[in-house]
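Me: I should like to work through a protein structure by question and answer. Please reason through each step and finish on the value or name requested.

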Amino acid sequence: MGKKKKPVETSSLFDEDQPKPPAPELAPQPVAEELPPLPPGVPGLPADLDPSWHKALDPETRKPYWADLVRFIVEERKTQTVFPPAPDVFNAFRFTPLDKVKVLILGQDPYHGPGQAHGLCFSVRPGIATPPSLRNIYKELESDLGIPPVKHGYLAEWARRGVLMLNACMTVRKGQANSHKDKGWEKFTDAAISAVSAQPRRVVFVLWGSYAQKKIPLIDQKKHVVVKSAHPSPFSEHLFFGTKPFSKVNEVLEAAGEEPIDWRLPEKAEE
């Protein structure tokens with residue numbers, strides 16, 4: 001009989017004395033830059049904002065202008081009536097996370113009448129009379145898309161559907177338009193506009209009036225689309241009517257493969 005063949009020895013995963021192949025080198029992982037602490041007594045952004053906004057805008061709260069702005073608003077509220085109420089100031093960001101923005105409508109500053117402003121440009125609280133500019137927006141919406149005006153001016157549903165409704169200046173003193181101009185809000189909202197422009201998805205920027213159109217340099221027009229016209233104010237309504245901004249927005253979104261905005265508002269407004 002022939003000799004038995006010696007079995008071939010194979011290494012086992014449990015053979016501790018076997019040499020182990022070198023572990024593959026891992027690429028270094030980027031480390032999130034830690035922000036410096038806020039100055040004592042200076043709050044940052046509200047904690048309940050979407051993380052996408054915190055990532056984009058928290059660095060702004062570490063800049064010197066932010067502390068100056070916060071201190072100014074605190075002192076104003078001690079001696080003056082300031083709109084909107086403090087809990088509503090950041091509602092534009094609260095209602096529309098950065099990564100959900102499909103449209104940005106830019107206003108100048110909040111309504112300065114009692115009970116009107118609640119943090120969304122052109123919008124007023126339920127139960128408050130619809131302001132003239134918003135009435136004109138409704139007229140153009142009906143002319144453009146056949147959507148009849150509702151009997152309220154509460155635009156929160158637009159915000160929830162991806163329309164960032166931002167005022168360049170986010171607070172105002174009662175009865176004094178532009179009273180908080182050049183206190184720091186414009187730097188903050190410029191950063192917000194730039195953050196929207198940095199998003200990979202196509203966004204439509206709706207800029208009504210010369211003030212809003214000054215922000216065009218912040219927008220990457222190779223990636224995004226600007227829809228501009230006169231302001232819907234009664235002073236320029238004759239130039240605003242017939243511009244069809246709502247259908248233009250939806251044409252851009254559909255061409256980019258996005259769902260168009262449903263511009264219809266509920267008959268009854270509820271907060």
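**Buried positions and their contacts**

Reply: To begin with one lysine of this predicted model, K215 has a relative accessibility of 10% and therefore counts as buried.

Me: Where in the chain is K215 placed?

Reply: Two elements frame this position: helix α7 covers residues 210-213, and strand β6 covers 225-229. K215 belongs to the loop between α7 and β6.

Me: Which side chain does K215 join in a polar contact?

Reply: Leaving aside neighbours within four places in sequence, K215 is in contact with L106, D190 and I193. One of these contacts is polar and joins side chains at 2.8 Å. The partner of K215 in that polar contact is D190.

Me: Is D220 buried, partly exposed or exposed?

Reply: D220 is also placed in the loop between α7 and β6. The relative accessibility of D220 is 32%. Buried requires under 20% and exposed requires over 50%, with partly exposed in between. Because 32% falls between these limits, D220 counts as partly exposed.

Me: Which backbone nitrogen does the side chain of D220 reach?

Reply: The side chain of D220 makes this approach at 3.0 Å. The backbone nitrogen that it reaches belongs to K222.

Me: What distance separates the C-alpha atoms of D220 and S194?

Reply: Along the chain, D220 and S194 are 26 residues apart. In space, their C-alpha atoms are separated by 8.6 Å.

Me: At which residue does UniProt place the feature "active site"?

Reply: The annotation comes from an unreviewed UniProt entry. The residue in question is in the loop between β2 (103-107) and α4 (132-145). UniProt places the feature at D109.

Me: Why does D109 count as buried?

Reply: A residue is buried if its relative accessible area is under 20%. Beyond four places in sequence, D109 touches N167, C169, V172, A177 and N178. D109 counts as buried because its relative accessible area is 16%.

Me: At what distance does the side chain of D109 reach the backbone nitrogen of N178?

Reply: N178 is among the residues that D109 touches. The side chain of D109 reaches the backbone nitrogen of N178 at 2.6 Å.

Me: What is the relative accessibility of S123?

Reply: S123 is found in the loop between β2 and α4. Not counting residues up to four places away in sequence, S123 touches Y111, Q116, H118, G153, Y154, L155 and A156. S123 counts as buried, with a relative accessibility of 0%.

**Aromatic rings**

Me: How many aromatic pairs does a search of the whole structure find?

Reply: A pair of aromatic rings is described by the distance of the centres and the angle of the planes. A search of the whole structure finds a total of 15.

Me: Is the pair of W158 and W263 stacked or edge-to-face?

Reply: The ring centres of W158 and W263 are 5.0 Å apart, with 90° between the planes. Planes over 60 degrees apart count as edge-to-face. The pair of W158 and W263 is therefore edge-to-face.

Me: How many residues apart are W158 and W263?

Reply: W158 is in helix α5 (residues 156-160), whereas W263 is in the segment after α9 (245-255). Both W158 and W263 are buried. This pair links distant parts of the chain, and the separation of its residues is 105.

Me: Which residue pairs with W208?

Reply: The pair is edge-to-face, at 5.4 Å centre to centre and with 85° between the planes. W208 lies in strand β5 (residues 204-208), and its partner lies in helix α8 (residues 237-240). W208 is buried at 3% relative accessibility, and the partner, at 0%, is buried as well. The residue that pairs with W208 is F240.

Me: Over the face of which residue does K183 lie?

Reply: K183 is placed at 4.9 Å from the ring centre. The ring in question belongs to F72.

**Helix α9 and the chain as a whole**

Me: Which residue takes a positive phi just after α9?

Reply: The buried residues of α9 are P245, F246, S247, V249, N250, V252 and L253. Their cover includes β2, α4, α5, β5 and β6. Just after this helix, a positive phi of about 80° is taken by G257.

Me: What percentage of the residues in the protein chain is buried?

Reply: The secondary structure of the chain comes to nine helices and six strands. The chain has 271 residues, and the buried share of them is 47%.

Notes: Residues are numbered from 1 along each chain as its sequence is written. This is a predicted model: local features need pLDDT of at least 70, side-chain atom pairs count only at pLDDT 80 or more; totals for chains, interfaces and linings use all residues. Side-chain values use heavy atoms; hydrogens and water are left out. Rings of Phe, Tyr and Trp (its six-membered ring) pair if their centres lie within 6.5 Å; planes under 30 degrees apart count as stacked, over 60 as edge-to-face and the rest as tilted. Helices (H or I, at least four residues) and strands (E, at least two) are DSSP runs, numbered from the N terminus. Buried means under 20% relative accessible area, exposed over 50%, partly exposed in between (1.4 Å probe, protein chains only). A charge sits over a ring if NZ of Lys or CZ of Arg is within 6 Å of the ring centre and within 35 degrees of the ring normal. UniProt positions are given in the numbering used here, feature names are shortened, and annotations may be inferred rather than shown by experiment. Contact means heavy atoms within 4.5 Å. A polar contact is a pair of N or O atoms within 3.5 Å; within protein, one must be able to donate a hydrogen and the other to accept it, and residues adjacent in sequence count only if both atoms are side-chain atoms.
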